[in-house]
Amino acid sequence: MEPLMALAIGLLYATAIFMMLRRSIVKLVIGLLLLSNGANLLIFTTAGMTRGAPPLIPEGMMQPLGDVADPLPQAVVLTAIVIAFGVLAFAVVLIRRAYEIVKADDLDKMKDTDT
Amino acid sequence: MRPEVALPVLLPLLSGAISLMFWRSRPMQRFIAVAGNVALFVVSLWLFIAVLDDGYITMQMGGWPAPFGITLVADMLSAVMILLTGIIGLAMGVYSLATTGRGHEKFGYYPLMHLLLAGVAGAFLTGDIFNLYVWFEVMLVASFALLILGGERAQMEGAIKYVTLNLLASVIFLTAVGLLYGTVGSLNMADIALRMDEAEHSGMVEVLAVMFMVAFGIKAAAFPLFFWLPASYHTPPVAVSALFAGLLTKVGVYSLFRVFTLIFDQTMGYLQDIMLWGAVFTMVTGVLGAAAQYEFRRILSFHIVSQIGYMILGLALYTPLAIAGGVFAIMHNIIVKTNLFLISGITHRLQGTYQLKKMGGLYRERPWLAVAFFISAFSLAGIPPLSGFFAKFVLVRAGLEAEAYVATGIALAVGLMTLYSMVKIWNEVFWKALPEDNHVPQTHTPTGDDGRLLKPSLWMMYLPVVVLAMMSLLIGVFAEPIMLVMNQIGEQLMTPSGYIEAVLGASASAEAALLDPIEIQAERVDNSLEESP
């Protein structure tokens, strides 16, 4: 499972960076979205994947029996998903406003503030 | 239970929430902006004094013991940064009253300002690396919204670059946190530091260190990753610019200091050169960029980049004295840079432009404003006896002791270039006569950023400027007691065992000593050897 996940994550990062390097601001935002999804999957994978072992302690015991899944990465990923969602919502509104003002879906037309 | 550690985070959150409840009431929001920031300043002072007494103060959120719950830690560095946040927050609370247009107030300027301060304070206090990411995002989301308040074309263009590069940095940071958790299996920074000492040093640790360096480097606007800063900082309303200039990049610098002294202290040998030259190039490119500009706030934006170089130089030299100098530079820069932006706001109010060519004659018209600018600008350039001189003096001395002669020489030359830019502003804005083609309305009918008339309340703009200029002067005069605090920061950061002990309790670090007593003892000997000269 891990090699498959690694491939998927690599693909997500590569696609995201490719998209971010385009001139279109819509593709830029899509790139950001893919990148944060890739990061979430990466946290999930590097923390170790365990199948069918919920992190539950049997009644009357002080610690779990045998190997259990680590619940922390899931909490971390959940937080990161929420943050990415909020930021993405902002970015979508931002590119819409920018498109309305600049009247172009092209980063090369947005160089007024650079020099 | 030490409430003063949590209050600098909770108070601005609370002020923001109350401010949101009074969404339609402008006077109430303005009142909370001042009252909330006064409270934040008082609490930050309380925390600073408490840390001065105790050294470290920790608080476990929700009562969960250290490696499992989220810990808030205040060491000397955090306390100083929180105190500066309190000072800048208070200055901005007052200054915003006079400069924020009604349109901006209606769209939530004040709640966002409180949220931004909460994010900054949280980042300074947290002892958990993922929590640091969360506070970064809180700060970023607030700053995104503040950056585009008003919605002009330049703001949109600047914001796209600012948002993209900062989000990219966040993802790199998040990726690094994920990999770090996979490597050491903890998110608590003190615990990570402990496990990092025990873990074998594979290439993974070095990769992680570089990822953190890049992520925080983008956020701190270090070379070659600073291009978002001069493209965006001159676009928003001036109070927002000043707030960003004072605090945001410094959170990135603070994180670099924290992570590289606590977690990656053993990879420093490998990264030191990269960081050193990164710092040198940051200084040089920033100051050269400023030399080419003729817009007040753009010059100042490039100088932020240049000054970041000094701070990172302090970290890169990696001796207690150099770190003390780096933190001194952070402190001096937060106060002085904010003040210069505030002054640019006043000159804009008086002359209706940020273009140096169109301004002039302010020395005759407003001599006291000229004095405040003179103090801040020459402090930035490092002229004695102002605060910038001592920051630079300590850094140069640390550089000479570490035998980094080239970097030190360049740091001094950059000081000269800074003086050139500051003299340029002085000549154009204050000294030369007002150009005749600039038809400044002589009645000075002040308008907000949205063009509507405001009441003439210039004293609210002058008050923070005068206070901050006085502070720059006082830091210079009372440099010795401040240097004592800075030295304490340098020592605390270079001996992370104190921090680890404060977070995890003495038992954990004793346990670690049992695991490998020889190595840790050897390390202590090394530390004491380093400290003795």
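## Chain B: contacts and build

Let's start with how chain B holds together in this predicted model. Take the contacts in chain B with a separation of 6 or more: residues 24 or more positions apart account for 80% of them. Burial is the next thing to look at, and here 60% of the 533 residues in chain B count as buried.

What is chain B built from? Its secondary structure comes to 23 helices and 2 strands. The radius of gyration of chain B is 23 Å, close to the 24 Å that the globule rule gives for 533 residues, so chain B is as compact as a globular protein of that length. If you follow the C-alpha trace along its principal axes, chain B spans about 75 × 55 × 40 Å.

## Chain A: three helices

Now for chain A, whose secondary structure comes to 3 helices and 0 strands. Reading along the sequence gives you the pattern α-α-α. For 115 residues, a compact globule would have a radius of gyration near 13 Å, but chain A comes out at 20 Å. Its C-alpha atoms fill a box of roughly 65 × 30 × 25 Å along the principal axes.

How much of chain A is buried? Of its 115 residues, 27% count as such. As for contacts in chain A with a separation of 6 or more, 55% of them are accounted for by residues 24 or more positions apart.

## Where the two chains meet

Here 28 residues of chain A are in contact with 27 residues of chain B. On the chain A side, α2 (25-46) and α3 (72-102) each supply at least two of the residues that touch chain B. Which helix gives the most to that side? That would be α3(A), with 14 residues.

You can also sort this side of chain A by class: there are 20 nonpolar, 5 polar and 3 charged residues.

## A closer look at T46(A)

One residue to find in the structure is T46(A), which sits in helix α2 of chain A. Is T46(A) buried or exposed? It is buried, because 21 other C-beta atoms lie within 10 Å, and the cut-off for burial is 20 or more.

Looking across to chain B, T46(A) touches G178(B), L179(B), Y181(B) and G182(B). Within its own chain, you can pair T46(A) with S24(A), which is 22 residues apart from it in sequence. The C-alpha atoms of T46(A) and S24(A) are separated by 33 Å.

Definitions and conventions: Residues numbered from 1 in each chain as written. Chains lettered and ligands numbered in written order. Predicted model: local features only at pLDDT ≥ 70, side-chain atom pairs only at ≥ 80, totals over all residues. Contact = placed C-beta atoms within 7 Å. Helix = DSSP H or I, 4+ residues; strand = E, 2+ residues; numbered from the N terminus. Nonpolar A, V, L, I, M, F, W, Y, C, P; charged D, E, K, R; others polar. Buried ≥ 20, exposed ≤ 12 C-beta atoms within 10 Å, placed from the backbone. Rg over C-alpha atoms; globule rule 2.2 N^0.38 Å. Lists of a residue's contacts leave out its neighbours within four places in sequence.
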